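User: Please examine one part of this structure closely and then follow its contacts outward into the rest of the fold. A single connected account would be preferable to a list.

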Amino acid sequence: MEKILLIEDDKDIRETANDFFTAEGFQIQTAEDGAIGIQLALTLLPDIIICDIAMPNMDGYEFYKTIQKLKPTSVIPLIYLSAKIERNDVREGMQLGADDYITKPFKYNELLNAI
């Protein structure tokens, strides 16, 4: 069973994603910010991480920069899921090394296809 880590501060998205991916046969763990996400990434070692950008405590950019420096998490693919839709926001996320960048609002099947 593939493991997904979703880091998202919007509770509704976390809960809906949890239900959707569980129904699709994935094991999913969620975190409400990047700081908690780092701890979960290190303990869970997910197959993929889906991460919001604008979050309290630690944003998605800082989260990704941090996990890239840590050997166990540096190779985990990451998809940004964000309401930041400006070209420079997408470019920044992709330049950091994200594998994909999906803008909100989104369809869960779109996210599933990206995975």
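Analyst: In this predicted model, the N-terminal end of helix α2 is capped by Asp33, which places a side-chain oxygen 3.0 Å from the backbone nitrogen of Ala35. The helix itself spans residues 34-44, and its buried residues are Gly34, Gly37, Ile38, Leu40, Ala41 and Leu44. An α-helix has 3.6 residues a turn, so residues three or four places apart point the same way. The buried residues of α2 pack against three strands, β1 (3-7), β2 (27-31) and β3 (48-51), and against helix α3 (60-69). Just after α2, Leu45 adopts a positive phi of about 45°.

The strands that receive this helix may be taken in turn, beginning with β1. Of the 5 residues of β1, 4 are buried, so the strand is mostly covered. Its pairing with β2 is parallel and extends over 5 bridges, with Ile7 standing opposite Ala31 of β2. Between these two strands the chain passes through α1, and the resulting β-α-β crossover is right-handed. Strand β1 also pairs with β3, again in the parallel sense, here over 4 bridges. Within that pairing, the bridge partner of Ile4 is Ile48, and Leu5 stands opposite Ile49.

Strand β3 is buried on both of its faces: Ile48 and Ile50 point one way, Ile49 and Cys51 point the other way, and all of these residues are buried. Besides its pairing with β1, β3 pairs with β4 in the parallel sense over 3 bridges. Cys51 of β3 stands opposite Tyr80 of β4. The chain travels from β3 through α3 to β4, and this β-α-β crossover is right-handed. The α3 of this crossover is also the helix against which buried residues of α2 pack.

Strand β4 comprises residues 78-82, and Ser82 belongs to it. With a relative accessibility of 1%, Ser82 counts as buried. Its C-alpha atom is separated by 6.5 Å from that of Ile102, although the two residues are 20 positions apart along the chain. Beyond its neighbours within four places in sequence, Ser82 is in contact with Asp52, Ile53, Tyr101, Ile102, Thr103 and Lys104. Two residues of that list, Asp52 and Lys104, lead directly to the charged pairs of the structure.

Side chains of opposite charge can pair when their charged atoms come close. The whole structure contains 4 salt bridges. In one of them, Lys104 joins Glu8, with the closest N and O atoms 2.8 Å apart. Lys104 is in the loop between β5 (100-103) and α5 (108-114), whereas Glu8 is in the loop between β1 and α1 (11-23), so this pair ties together parts that are 96 residues apart in sequence. Glu8 has a relative accessibility of 1% and therefore counts as buried.

Lys104 takes part in a further salt bridge, with Asp52, at an N to O distance of 3.5 Å. Asp52 lies in the loop between β3 and α3, and Lys104 in the loop between β5 and α5, so their pairing ties together parts that are 52 residues apart in sequence. Both Asp52 and Lys104 are buried. Through shared partners, the salt bridges join Glu8, Asp52 and Lys104 into one network.

Another salt bridge is located within α1. Lys11 pairs with Glu15, their closest N and O atoms being 3.7 Å apart. These residues are 4 positions apart in the helix, about one turn. Lys11, at 51% relative accessibility, counts as exposed, because the threshold for that class is over 50%. Glu15 is partly exposed, with a relative accessible area of 41%.

Returning to the starting point, the capped helix α2 packs its buried residues against β1, β2, β3 and α3. The loop after β1 holds Glu8, and the loop after β3 holds Asp52. Both of these residues belong to the network with Lys104.

Terms used. Residues numbered from 1 in each chain as written. Predicted model: local features only at pLDDT ≥ 70, side-chain atom pairs only at ≥ 80, totals over all residues. Heavy atoms only, no water. Buried < 20%, exposed > 50% of the residue type's maximum accessible area, 1.4 Å probe, protein only. Contact = heavy atoms within 4.5 Å. Polar contact = N/O pair within 3.5 Å; in protein donor to acceptor, adjacent residues only side chain to side chain. Salt bridge = Lys/Arg side-chain N within 4 Å of Asp/Glu carboxyl O. Pairing = 2+ DSSP bridges. Right-handed = clockwise from strand over helix to strand, strands pointing away.
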